Every structure is written in C-alpha cells, then in structure tokens.
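The following exercises ask the student to read a protein structure step by step. Please attempt each task before turning to its solution.

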Amino acid sequence: MHWIEQIVAADNWQAAWKWLESRRKNSHYNNDYWHLRHHRQRLEPQIIEQLRTGTYHFSPCKQYDGCLVWTAQDALVLKAITLVLTKQLSPQLSQHCFHLAGHGGSKGCVRAVNQCVDEYRFVCRSDVNSYYATINHKLLKKQLAGLIPCDIVLDLISKMLDRLDDVQGILHSVDIGISKGNPLSPLLGAIYLQGLDDALSQYCDTRDLFYARFMDDWVVLCKTRQQLRTVVRIMNQVLEAVEMTKHPYKTYIGRIKDSGFDFLGYRMGHRLKQGLTLAWKTWANHQAKLHQLYEQGVSATDIGQYVKRWKRWVESGVEVCLGWELEFDRVEPLSG
C-alpha cells in the first residue's frame with residue numbers, strides 16, 4: 001500500500017485521533033481541539049483529501065510560555081504520519097537507539113548499560129549541545145529522501161520542517177531545528193544521528209564493546225584507552241558531518257572512576273556502592289522541586305503524593321539502590 005494511503009487508512013487515523021484525545025481532553029474550552037472534534041465529520045474528509053493530493057499545509061506553530069504548540073489538526077496529521085513512519089522505518093534503524101518504540105526506552109537503556117558496565121575500564125559519555133534546535137533541515141531532508149519512497153510524504157515533512165512560529169502574534173520563519181512537542185521529533189532525531197549509530201555500533205560490535213543511545217544521549221564502554229581514542233575520533237567525525245557539537249558540560253571521556261558516571265539520571269559503575277544509584281543532578285532537581293512546592297504553599301498530602309510518583313518513576317523498570325526509605329504519611333518542610 002502507498003505510504004500516504006497507510007497514513008489516511010481508517011485504523012491508523014483512528015489511532016491518531018485516540019492519541020490526540022488523550023493529550024488534549026483536559027485542554028481549555030477555547031482550545032482548537034474542541035472545534036476540530038465538534039466538526040470532525042465535516043473536516044476529516046477535507047483533511048484526508050488534502051493529504052492524498054499533497055495540498056495539505058501546516059499552520060504556524062504558536063508559542064505558549066516558551067513552548068511551541070501545533071494546532072490540534074496539525075498534531076493529528078503529524079501523529080498519523082509518525083505511526084506509519086515508525087512502523088516502516090524502525091526496522092532500518094539501529095537497535096542501539098533505545099528511544100524508538102519497541103527498543104526498550106530510557107529504562108531499558110539504563111538496564112543495558114548497568115548490566116555490563118563492570119566489564120569495561122573506559123567510558124565515552126556525551127550528548128549534543130542543543131540537539132533538536134540545531135538539526136539541519138537540508139541534511140535531514142537528504143537522509144529522509146533515502147529512506148522514504150513517497151514524494152507526498154517527503155513534501156509533507158518538508159513543509160513541517162520549514163515552518164512558521166507565531167511568537168506573540170509575530171511570525172518567524174524557521175530554517176533550522178525541530179520542535180520538541182512534535183510527535184514526529186523522536187523518530188527524526190533517531191534518523192539524524194543514524195550515522196553515529198552505524199559507525200559506532202560497527203566498531204563496537206566487532207570488538208565486544210558496548211554502545212547505546214537514547215535521544216541525543218549516548219555512551220560507549222571500552223576496554224582499552226586506544227579503543228576509547230578511536231571511538232572519540234569516530235564520534236567527532238560524524239558530529240562534524242551533521243554540523244553538531246558535543247555538550248561541553250555533559251561529556252565525560254576517560255577511565256571509569258570508582259564513583260562511576262552519570263547517564264539518563266542514574267549513576268553507573270559505582271565501585272564503592274553495590275548496584276545502580278541516582279545521579280546527583282536527579283537528587284538536586286528533586287530537592288529543588290520540593291522547595292518550590294513548599295514555597296507555593298502546597299499541602300503536605302499533595303507533596304507526599306508527588307514524592308510517591310517521583311519514587312515510582314525512579315524505581316520503575318530498574319533495580320536501584322536509594323539507600324533510604326521515604327515516609328509518605330508525613331512530609332516535613334525542608335530546612336533553609
């Protein structure tokens with residue numbers, strides 16, 4: 001079946017609607033989602049026909065409190081595109097890229113690193129400086145052209161990339177970067193760094209080394225310093241080719257210290273403690289959130305519920321050593 005026909009197929013379209021409803025069912029009554037939902041029977045055939053004929057155009061992305069938000073109709077279309085492209089392209093993308101659907105997610109990535117970290121002596125842990133904001137449209141379109149055999153879909157993605165942003169009523173043309181609130185962004189982010197996945201996984205797989213990536217965070221575990229040097233050279237070459245740079249404060253290259261290293265909110269390879277622990281920044285962000293809640297006058301009961309949810313997130317999917325127990329029935333104000 002033609003890719004655009006898969007996008008507008010009844011089952012795929014219904015799945016996109018279900019996603020949109022779950023995201024915007026609690027939105028303000030003036031949100032355009034309610035207009036789209038109320039007039040669905042009239043608008044849906046028009047949208048589908050525009051998609052089939054390649055005449056669909058995206059509206060400007062509006063900025064609210066620093067966040068870019070697509071119209072409900074555009075979000076619906078983008079999700080329908082995402083569902084088909086994920087199904088079609090995921091088998092062609094690296095299994096080392098954990099943020100793709102079915103690849104394990106962030107906790108799967110954490111488990112994979114933690115299970116083998118003790119077998120290695122050196123680590124290269126890094127991410128891209130302002131990843132989504134610096135994605136080059138021209139390079140991304142070239143990559144997509146080699147993966148998607150459908151001119152209508154390619155044109156749709158091109159229109160989405162070269163968007164207009166509505167910032168307080170003033171329209172700004174965008175020719176670099178993709179918005180984080182776009183349901184298609186995780187897949188495009190995986191594709192843009194596919195060269196990094198291919199190069200590093202090819203090198204690592206033939207030498208029994210470890211490589212994993214989640215979004216724009218990646219880690220390579222090496223046995224020798226020479227292997228580490230080679231990994232860094234490969235990494236720098238690929239990043240230069242896609243016009244990106246490493247984050248200066250989130251990159252660590254060298255021997256795995258006794259205190260371990262941080263990755264995706266956890267502390268890995270801690271040789272002085274048994275098991276996986278939390279990264280210092282995760283603790284600090286949690287404490288800052290608690291201070292904020294207290295200053296806002298949130299009740300102790302609600303703060304306790306927040307702590308429960310946070311602890312549930314910390315422990316879900318991994319075996320982590322927290323070294324403490326939380327008392328949920330009574331939450332005392334923080335000192336200072």
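The exercises below concern a predicted model, and each task is followed by its worked solution.

**Exercise 1. A helix and its surroundings**

Task: Determine how the length of helix α10 agrees with the expected value, and state which elements its buried residues pack against.

Solution:
- Step 1. Helix α10 covers residues 194-205, which is 12 residues.
- Step 2. The expected span is 1.5 Å times one less than the number of residues. For α10 this gives an expected 16 Å, and the helix reaches 16 Å from its first C-alpha to its last, close to expectation.
- Step 3. The buried residues of α10 are Gln194, Leu196, Asp197, Leu200, Ser201, Tyr203 and Cys204.
- Step 4. An α-helix has 3.6 residues a turn, so residues three or four places apart point the same way. With this in mind, the list of buried residues, including Leu196, Leu200 and Tyr203, may be read again along the helix.
- Step 5. The partners of these buried residues are two helices, α9 (185-192) and α11 (225-241), and two strands, β6 (210-214) and β7 (217-222).

**Exercise 2. Salt bridges**

Task: State how many salt bridges a search of the whole structure finds. Then describe the pairs of Lys141, Asp165 and Asp262, and classify each partner as buried or partly exposed.

Solution:
- Step 1. The search of the whole structure gives 11 salt bridges.
- Step 2. In one of them, Lys141 pairs with Asp162, and the closest N and O atoms are 2.6 Å apart. This pair links distant parts of the chain: Lys141 belongs to helix α7 (residues 137-145), whereas Asp162 lies in the loop between α8 (151-161) and β4 (164-167), 21 residues apart.
- Step 3. For classification, a residue is buried under 20% relative accessible area and exposed over 50%, with partly exposed in between. Lys141 has 27% and is therefore partly exposed. Asp162 has 37% and is likewise partly exposed.
- Step 4. Asp165 forms a salt bridge with Arg163, with 2.8 Å between the closest N and O atoms. Asp165 is buried because its relative accessibility is 9%, and Arg163 is buried at 8%.
- Step 5. Asp262 forms a salt bridge with Arg267, where the closest N and O atoms are 2.4 Å apart. Here Asp262 is partly exposed at 27%, while Arg267 is buried at 18%.

**Exercise 3. Two helix pairs**

Task: Classify the packing of α2 with α4 and of α7 with α9, and name the residues that meet in each pair.

Solution:
- Step 1. Helix α2 (residues 10-24) and helix α4 (residues 40-53) pack at an angle of about 125°, and their axes are 13 Å apart.
- Step 2. Angles of 65 to 115 degrees count as roughly perpendicular and those over 145 as roughly antiparallel. The helices α2 and α4 are therefore oblique to each other. Their crossing is right-handed.
- Step 3. From α2, the residues Trp13, Gln14, Trp17 and Glu21 meet Arg40, Glu44, Ile47, Ile48 and Leu51 of α4.
- Step 4. The axes of α7 and α9 cross at roughly 90° and come within 10 Å. The two helices are therefore roughly perpendicular to each other.
- Step 5. On the α7 side the residues are Leu139, Leu140, Gln143 and Leu144, and they meet Leu188, Ile191 and Tyr192 in α9.

**Exercise 4. Positive phi angles**

Task: Locate Gln168 and Met215, and classify each as exposed or partly exposed.

Solution:
- Step 1. Gln168 is not a glycine, yet its phi is positive, at about 55°. Gln168 is placed in the loop between β4 and β5 (170-173).
- Step 2. With a relative accessible area of 77%, Gln168 is exposed.
- Step 3. Met215, also a residue other than glycine, has a positive phi near 55°. Met215 sits in the loop between β6 and β7.
- Step 4. Met215 counts as partly exposed because its relative accessibility is 22%.

**Exercise 5. Sequence and space**

Task: For Gly108 and Phe98, and for His38 and Leu20, give the separation in sequence and in space.

Solution:
- Step 1. Gly108 lies in helix α6 (residues 105-116) and is buried, at 8% relative accessibility.
- Step 2. Gly108 and Phe98 are 10 residues apart in sequence, and their C-alpha atoms are 7.2 Å apart.
- Step 3. His38 belongs to helix α3 (residues 32-38) and is exposed, with a relative accessible area of 66%.
- Step 4. His38 and Leu20 are 18 residues apart in sequence and 14 Å apart, C-alpha to C-alpha.

Note on methods:
Residues numbered from 1 in each chain as written. Predicted model: local features only at pLDDT ≥ 70, side-chain atom pairs only at ≥ 80, totals over all residues. Heavy atoms only, no water. Helix = DSSP H or I, 4+ residues; strand = E, 2+ residues; numbered from the N terminus. Buried < 20%, exposed > 50% of the residue type's maximum accessible area, 1.4 Å probe, protein only. Contact = heavy atoms within 4.5 Å. Salt bridge = Lys/Arg side-chain N within 4 Å of Asp/Glu carboxyl O. Axes fitted to C-alpha atoms, helices over the stretch in contact; angles between N-to-C directions. Parallel < 35°, antiparallel > 145°, perpendicular 65-115°, else oblique. Left-handed = near helix turned anticlockwise from the far one by under 90°.
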